[in-house]
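Reader: I'm more at home at the bench than in a structure viewer. Could you walk me through how to read a few features of a protein model?

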Amino acid sequence: MQVYFDNAATTPLYPEVIQKVSDALKKYYGNPSSTHHLGRKSRTAIELARKEISSFIGANPQEIIFNSGGTEGINSIFYSAFHDLKVQRIITSKIEHHAVLHCLPIHDKKIEIQYVTIGSNGLIDLGSLEHLLAQPKGKTLVSLMHVNNEIGTITDLKKCGQICAKHQSLFHTDAVQSIGKLSIDVKECHITFLTASAHKFHGPKGVGFLYIKRNSGIKAQILGGAQERGIRAGTESVHNILGMSLALKLSYQQLDQNLKHISRLKARFISRLKGMFKELIINGIEENEHLGLPHICNVTLPIPRKKIPLLGFKLDMKGIACSQGSACQSGAPKGSHVLDELQKDSKDEFPSFRFSFSKFNTVQEIDYVLKSLKDIVSD
């Protein structure tokens with residue numbers, strides 16, 4: 001049996017999206033910047049996709065910039081913040097994605113970096129954010145991810161946005177793990193910048209979008225042509241953009257039923273894991289769907305130490321795809337920086353696994369993984 005429980009790393013495409021991409025490759029081959037009828041045809045398709053995507057997050061179409069995905073979008077925001085917006089301070093957290101954290105030390109050392117306090121469950125301390133912003137430090141960019149990619153904790157964007165607006169600070173959110181899984185209104189949440197990747201919501205890889213609030217002052221980082229409002233040069237990937245638009249549409253059309261289905265899967269998984277492992281540790285939020293995304297289940301398994309080295313390998317041999325840490329960390333000599341931050345006082349060296357679910361997963365798969373874990377540990 002093949003079981004894919006690594007949806008936080010990437011998701012399988014909707015069948016409809018595969019068909020859409022295939023059709024678009026045949027139909028929309030004209031360069032969107034060309035003025036002839038084939039170019040105009042491609043341009044019209046892109047602009048309709050831009051309009052549709054913007055509608056799902058409460059943005060205006062001209063505020064959506066297509067790019068290659070979340071990492072490029074995050075780098076664009078930070079580069080512009082340092083060079084164009086003259087930001088003097090960054091406030092973020094130590095459990096952000098490395099696309100954010102690795103942007104910080106390579107820029108001007110005069111920029112002050114501050115970190116909000118994080119609870120042991122991975123939730124942002126809003127009082128800490130308020131306290132930091134109350135200290136006058138010049139123009140500030142706050143960057144906090146909506147859903148943590150390793151433990152699934154949800155940041156209250158509305159409250160964070162209100163605090164940022166109160167202190168006239170720019171607010172960026174890495175929404176790569178939440179777009180298509182949670183509702184977001186960029187205006188209601190006072191968001192200045194938002195980054196997203198299609199492959200996290202059953203769309204194609206290599207395409208994403210960046211929300212940039214109108215008149216924010218962002219300038220181009222990739223230079224060349226005048227594509228994407230002059231913000232991101234390069235011929236647009238028409239077929240991928242259309243596939244992304246359809247994937248987002250399908251995700252939001254099925255949002256409620258997907259959340260209910262995945263919540264049931266996670267509840268069953270955790271309940272039965274607790275029966276197998278009396279000292280099981282849930283990393284993040286266990287039950288409250290308003291605080292933790294049901295798609296992600298990160299657990300520390302108290303198993304015999306002699307079983308630890310080959311546990312991941314044996315799961316893979318049984319056809320089970322899951323993750324130890326994020327996809328960007330797989331194979332790295334260091335463990336998860338998120339769990340390291342949350343488990344500072346823990347002396348346990350038991351393995352932590354991230355099992356992440358999608359609408360395509362089933363109860364039968366949950367039971368198969370549980371049985372496989374039991375067999376591996378008792379072997």
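Author: Sure, and let's start with a word we'll lean on a lot: a residue counts as buried when its relative accessible area is under 20%, and as exposed when that value is over 50%. Keep in mind too that this is a predicted model.

Reader: OK. Which residues of α11 are buried?

Author: Glu365, Ile366, Val369, Leu370, Ser372, Leu373, Ile376 and Val377. They sit on the same side of α11, because together they cover an arc of only 160 degrees around the axis.

Reader: Why do residues a few places apart point the same way?

Author: It's the pitch: an α-helix has 3.6 residues a turn, so residues three or four places apart point the same way.

Reader: And which exposed residues does the face turned away from the buried side of α11 carry?

Author: That face has Gln364, Lys371, Lys374 and Ser378.

Reader: How far does α11 reach from its first C-alpha to its last?

Author: For its 16 residues, 363-378, the reach is 23 Å, close to the 22 Å expected at 1.5 Å a residue. Helix α7, residues 238-253, gives a matching picture: 16 residues, a reach of 23 Å, and an expected value of 22 Å.

Reader: Is α7 mostly covered or mostly open?

Author: Mostly covered, with 13 of its 16 residues buried.

Reader: Let's turn to cysteines. How many disulfides does the structure hold?

Author: Zero. To call one, you need two cysteine sulfur atoms within 2.5 Å. Take Cys189: the nearest cysteine sulfur belongs to Cys160 and is 9.2 Å away, so by that cut-off Cys189 is in no disulfide.

Reader: Is Cys189 buried or exposed?

Author: Buried, with a relative accessible area of 8%. Cys103 is buried as well, at 3%.

Reader: Now the empty space. How do I tell a cavity from a pocket?

Author: The idea is simple: in a cavity a 1.4 Å probe fits but cannot get out, while a pocket is open. A search of the whole structure turns up five cavities of 30 Å³ or more.

Reader: What is the volume of the largest cavity, and which residues are closest to its centre?

Author: Its volume is about 120 Å³. Of the 17 residues lining the largest cavity, Gly180, Lys181, His202, Asn258 and His295 are closest to the centre. Helix α8, residues 255-276, gives the most to that lining, with four residues. Sorted by class, the lining of the largest cavity has six nonpolar, eight polar and three charged residues.

Reader: And the second largest cavity: what lines it?

Author: This one has a volume of about 80 Å³. Its lining includes Ile65, Asn67, Glu72, Ser76 and Arg232. Both β2 (64-67) and α3 (70-83) supply at least two lining residues each, and the largest share, three residues, comes from α3. The classes here split into five nonpolar, four polar and three charged.

Reader: Can we finish with an open one? How much space lies in the second largest pocket?

Author: About 480 Å³. The second largest pocket is lined by 20 residues, and His146, Ile154, Thr155, Asp156 and His290 lie nearest its centre. Helix α6, residues 157-166, provides the largest share of that lining, three residues. By class, the lining of this pocket has 10 nonpolar, four polar and six charged residues.

Technical notes: Residues numbered from 1 in each chain as written. Predicted model: local features only at pLDDT ≥ 70, side-chain atom pairs only at ≥ 80, totals over all residues. Heavy atoms only, no water. Buried < 20%, exposed > 50% of the residue type's maximum accessible area, 1.4 Å probe, protein only. Expected span 1.5 Å × (residues − 1). 1 Å grid on protein atoms, 1.4 Å probe; cavity = no way out; pocket = protein on both sides within 12 Å on 5 of 7 lines; lining within 4 Å. Points joined across faces, edges and corners; volume = space filled by probe spheres on them. Nonpolar A, V, L, I, M, F, W, Y, C, P; charged D, E, K, R; others polar. Arc of directions from axis to C-beta.
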